[in-house]
Amino acid sequence: MIRWAVIFLVIGLVLALLGFGGIGGAFIGIAKLLFFVAIALFVVLLVLGLLAGKGVKSALD
């Protein structure tokens with residue numbers, strides 16, 4: 001998902017440099033949204049992984 005955010009960011013910057021500010025801004029907005037969704041998913045999965053790891057460790061002991 002971070003890859004898509006970077007792709008949208010680069011396309012938005014290129015469009016803005018070529019004078020298409022409106023659509024370039026839209027692409028940059030999509031890139032920001034994808035970036036924050038990816039960060040939120042990362043944090044949620046990190047917490048779930050840590051909790052699951054503790055559960056497995058306590059079950060093995």
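Reader: How many helices and how many strands does the protein chain have?

Author: The model is a predicted one, and its secondary structure is assigned from DSSP runs. On that basis the protein chain has zero strands, and its helices number two.

Reader: What radius of gyration does the protein chain have, set against that of a compact globule of 61 residues?

Author: Along its principal axes the C-alpha trace spans about 65 × 15 × 10 Å, and 13% of the 61 residues count as buried. A compact globule of 61 residues would have a radius of gyration near 10 Å, whereas the value for the protein chain is 18 Å.

Reader: Which kind of aromatic pair do Trp-4 and Phe-8 form?

Author: The search of the whole structure finds three aromatic pairs. Trp-4 and Phe-8, which both lie in helix H1 (residues 2-17), are four residues apart, about one turn of the helix. Their rings stand 6.4 Å centre to centre with 45 degrees between the planes, and the pair is therefore neither under 30 degrees nor over 60, but tilted.

Reader: Which kind of pair do the rings of Phe-35 and Phe-36 form?

Author: The centres of these two rings lie 5.5 Å apart, and their planes meet at 70 degrees. Because an angle over 60 degrees sets the class, the pair of Phe-35 and Phe-36 is edge-to-face.

Reader: Is Phe-36 buried or exposed?

Author: Phe-35, its partner in the ring pair, has 38% relative accessibility and counts as partly exposed. For Phe-36 the relative accessible area is 56%, and since the cut-off is over 50%, Phe-36 is exposed.

Technical notes:
Residues numbered from 1 in each chain as written. Predicted model: local features only at pLDDT ≥ 70, side-chain atom pairs only at ≥ 80, totals over all residues. Heavy atoms only, no water. Phe/Tyr/Trp six-rings, centres within 6.5 Å; stacked < 30°, edge-to-face > 60°. Buried < 20%, exposed > 50% of the residue type's maximum accessible area, 1.4 Å probe, protein only. Rg over C-alpha atoms; globule rule 2.2 N^0.38 Å.
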